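Work through the exercises below with the sequence and the model side by side. Each task is followed by a solution in steps.

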Amino acid sequence: MRCVSSPNSPERFSAALGAIAGQLSANGQIFLVNPNGVEPDIYSPAVDGSPIRHSLGLDGKMVIGFIGTFGPWHGAEVLTEAFAPLVAGRPDLRDRLRLLLIGDGVKMPEVRRVIDRDGLDDIVVLTGIVPQHEGPRYL
């Protein structure tokens, strides 16, 4: 995720790698951190996602959502690991809480392993990759 436009320009990193860049800056090299974000006019609370929620069985549920690449730096597997103890032994949460994971990538096998290991297949929804223009309706 590092791109250098010329040998004399500063290094550029996404926000996910910003902490690492900060540690590396001790050698005097200049780093610019580009924050991650979304376009608020597109990913707006005004977008009606009810048809998608209904089709995914999420009506009336509290949803924790992730959309992105399941890459080593995005943490979809970490989120899934954190979700498991949240609902363990809590039938009230297990009934009303869902984890919605939108995307795919190299960490998907690890995500699936956690889901299988912890018996989460009934409360975790994996959509796979969705077209970018449809993403807001899922969230």
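A residue is called buried when its relative accessible area is under 20%, exposed when that area is over 50%, and partly exposed in between. The model used here is a predicted one.

**Exercise 1. Describe the chain in terms of its helices and strands, its buried share and its contacts.**

Step 1. Counting the elements gives six helices and five strands.

Step 2. Following the sequence, these elements come in the pattern β-α-β-α-β-α-α-β-α-β-α.

Step 3. The chain has 139 residues, and 30% of them count as buried.

Step 4. Take the contacts with a separation of 6 or more: 59% of them join residues 24 or more positions apart.

**Exercise 2. Find the aromatic pair, give its geometry, and classify both rings by accessibility.**

Step 1. The structure holds one aromatic pair. Its partners are Phe 66 and Phe 70.

Step 2. The ring centres are 5.5 Å apart and the planes make an angle of 80°. Planes over 60 degrees apart count as edge-to-face, and the pair is therefore edge-to-face, its angle being 80°.

Step 3. Phe 70 has a relative accessible area of 0%, so Phe 70 is buried. Phe 66 also counts as buried, because its relative accessibility is 12%.

**Exercise 3. Which residues touch the most other members of the largest nonpolar core, and which elements supply at least two residues of this core?**

Step 1. The largest nonpolar core has 16 residues. Those that touch the most other members are Phe 70, Phe 83, Val 87, Leu 101, Val 111, Leu 120 and Val 124.

Step 2. At least two residues come from each of helix H3 (76–87), strand S4 (97–102) and helix H5 (108–117). The most is given by H3, with four residues.

Step 3. Take Val 124 as one example from the core. Residues up to four places away in sequence not being counted, Val 124 touches Phe 83, Leu 99, Leu 101 and Ile 115.

Step 4. There is also a second, separate core of seven residues, with Leu 58, Leu 100, Val 130 and Tyr 138 among them.

Step 5. As background, nonpolar side chains tend to be buried together in soluble globular proteins.

**Exercise 4. Place Leu 56 in the chain, classify its accessibility and list its contacts.**

Step 1. Leu 56 sits in the loop between H2 and strand S3 (62–67).

Step 2. Its relative accessible area is 25%, so Leu 56 is partly exposed.

Step 3. With neighbours within four places in sequence set aside, Leu 56 is in contact with Leu 100, Val 125, Thr 127 and Tyr 138. Of these partners, Leu 100 and Tyr 138 belong to the second core.

Step 4. Leu 56 and Val 125 are 69 residues apart along the chain, while their C-alpha atoms are separated by 7.4 Å.

**Exercise 5. What is the volume of the largest pocket, and what lines this pocket?**

Step 1. The volume is about 480 Å³.

Step 2. The lining has 18 residues, and nearest the centre of the pocket lie Tyr 43, Ile 67, Gly 68, Thr 69 and Gln 132.

Step 3. Sorted by type, the lining contains eight nonpolar, eight polar and two charged residues.

Step 4. Tyr 43 is in the loop between strand S2 (31–34) and helix H2 (50–55). This tyrosine counts as partly exposed because its relative accessibility is 26%.

Step 5. Tyr 43 touches Val 38, Ile 67, Gln 132, Gly 135, Pro 136 and Leu 139, residues up to four places away not being counted. Two of these contacts, Ile 67 and Gln 132, are also listed among the residues nearest the pocket centre.

**Exercise 6. Is Pro 45 buried or exposed, and how far is Pro 45 from Leu 139 in sequence and in space?**

Step 1. Pro 45 lies in the loop between S2 and H2.

Step 2. The relative accessible area of Pro 45 is 84%, so Pro 45 is exposed.

Step 3. Pro 45 and Leu 139 are 94 residues apart in sequence, and 8.7 Å apart in space from C-alpha to C-alpha.

Methods: Residues numbered from 1 in each chain as written. Predicted model: local features only at pLDDT ≥ 70, side-chain atom pairs only at ≥ 80, totals over all residues. Heavy atoms only, no water. 1 Å grid on protein atoms, 1.4 Å probe; cavity = no way out; pocket = protein on both sides within 12 Å on 5 of 7 lines; lining within 4 Å. Points joined across faces, edges and corners; volume = space filled by probe spheres on them. Nonpolar A, V, L, I, M, F, W, Y, C, P; charged D, E, K, R; others polar. Buried < 20%, exposed > 50% of the residue type's maximum accessible area, 1.4 Å probe, protein only. Contact = heavy atoms within 4.5 Å. Phe/Tyr/Trp six-rings, centres within 6.5 Å; stacked < 30°, edge-to-face > 60°. Core = buried A, V, L, I, M, F, W, Y, C linked by side-chain atoms within 4.5 Å.
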